[in-house]
Amino acid sequence: MKKILLKAIAVAGIAAAANAYAVTDPANDFLPVYTGSTNAAFDVLSADVSYNAATNEFVFSTSAAGDIAGVPGAAYVFGLDVGGATNRPFSAIGLPGVVFNSTVILRSDGTGSIGSNAVAAHISGKDITATVSAALLPSSTGLAFKDYTWTVWSIDSRVAGTGRLADFAPDVNIQVASVPEPETYAMLGAGLGLLGLVARRRSRTKPV
Ligand SMILES: [Ca+2]
Ligand SMILES: [Ca+2]
């Protein structure tokens, strides 16, 4: 019985891990305006932005179709709407839902930036992530960090103008994910409760 429960909890854990990325994006969907490299590192397959209230940090993640490290020109721009006036510069290329007033840029050389602040990008195979203090992304309107919205797009930074825009994920802003999510706590609580029940039953049925 305990074994089955442990298995169920493990499966639930795996399911939660599989949902680590809020966004999945099609393969081979470079924008028609894109004139940069077609290396698979420019093709975004999944992306996520989460906010952890316990640590007051954001985690930015993108996964591409190919290895990222050292790919010339490859960079990933997270556009965030942190409240207040926004830019919608991509309406002309059919992406009016991309709205932002702050950006976080992660590059294939492991560097990154938020405005004039440098941040470290961690690259592992096809994944690039950065964990940054929320203090680097203040809101001018008092919008809560968890209510920020975002999209990410890959660029070939060697190309000027809209020709550098490779792939958006998603095409319309979505809200930052809060971690750990309330469901995770609920699942963990239920699992621990069941284990406790089994332990109590076992101790009752044990021969004295
Ligand atoms: Ca893609
Ligand atoms: Ca896309």
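In which loop is the place of Asn28? In this predicted model, Asn28 sits in the loop between strand E1 (23-24) and strand E2, and its phi is near 55°, a positive value in a residue other than glycine. Because 9 C-beta neighbours lie inside 10 Å, and a residue with 12 or fewer is classed as exposed, Asn28 counts as exposed. A second asparagine can be described in similar terms: Asn56 is found in the loop between E2 and E3, and, although it is not a glycine, it has a positive phi of about 55°. Asn56 has 11 C-beta neighbours inside 10 Å and therefore counts as exposed.

The strands themselves include an open sheet of six, arranged in the order E7-E6-E5-E4-E10-E11 with antiparallel pairing. Strand E7 (117-120) and strand E11 stand at the edges of this sheet, and because each has a single partner strand, one side of each is left without a neighbour in the sheet. From one strand to the next, the twist averages 20°. At the E7 end of the order, strand E6 (residues 111-114) and E7 pair in the antiparallel sense over four bridges, and the bridge partner of Thr111 in E7 is Ala120.

Within the sheet, strand E4 pairs with E10 in the antiparallel sense over eight bridges, with Thr149 of E10 as the bridge partner of Asp81. Strand E4 also pairs with E5, again in the antiparallel sense, over six bridges, and here Val77 stands opposite Ile105 in E5. Strand E4 is mostly covered, since eight of its eight residues are buried. Ala74, Tyr76, Phe78 and Leu80 point one way from the strand, whereas Ala75, Val77, Gly79 and Asp81 point the other way, and all are buried.

In soluble globular proteins, nonpolar side chains tend to be buried together. The largest nonpolar core of the model holds 44 residues, of which Val77, Phe78, Leu80, Val104, Leu106 and Val152 touch the most other members. Two or more residues are given to this core by each of several strands, among them E2 (44-52), E3 (57-64), E4 (74-81), E5 (102-107) and E10 (149-156). The largest share, six residues, comes from E4. When residues up to four places away in sequence are not counted, Leu106 touches Phe60, Ala75, Tyr76, Gly112, Ala121, Ile128 and Ala130.

Strand E11, one of the edge strands of the sheet, contains two further residues that deserve description. Asp167 lies in this strand and has 24 other C-beta atoms within 10 Å; since 20 or more are required for a residue to be classed as buried, Asp167 is buried. Setting aside residues up to four places away in sequence, Asp167 touches Asp25, Asp29, Phe30, Leu31, Phe42, Asp43, Val44, Trp153 and Ser154. One of these contacts, Asp25, is 142 residues apart from Asp167 along the chain, and the C-alpha atoms of the two are separated by 9.0 Å. Pro170 also lies in strand E11, and a cis peptide bond, with omega about -10°, joins Ala169 and Pro170.

Notes: Residues numbered from 1 in each chain as written. Chains lettered and ligands numbered in written order. Predicted model: local features only at pLDDT ≥ 70, side-chain atom pairs only at ≥ 80, totals over all residues. Core = buried A, V, L, I, M, F, W, Y, C linked by C-beta atoms within 7 Å. Contact = placed C-beta atoms within 7 Å. Pairing = 2+ DSSP bridges. Axes fitted to C-alpha atoms, helices over the stretch in contact; angles between N-to-C directions.
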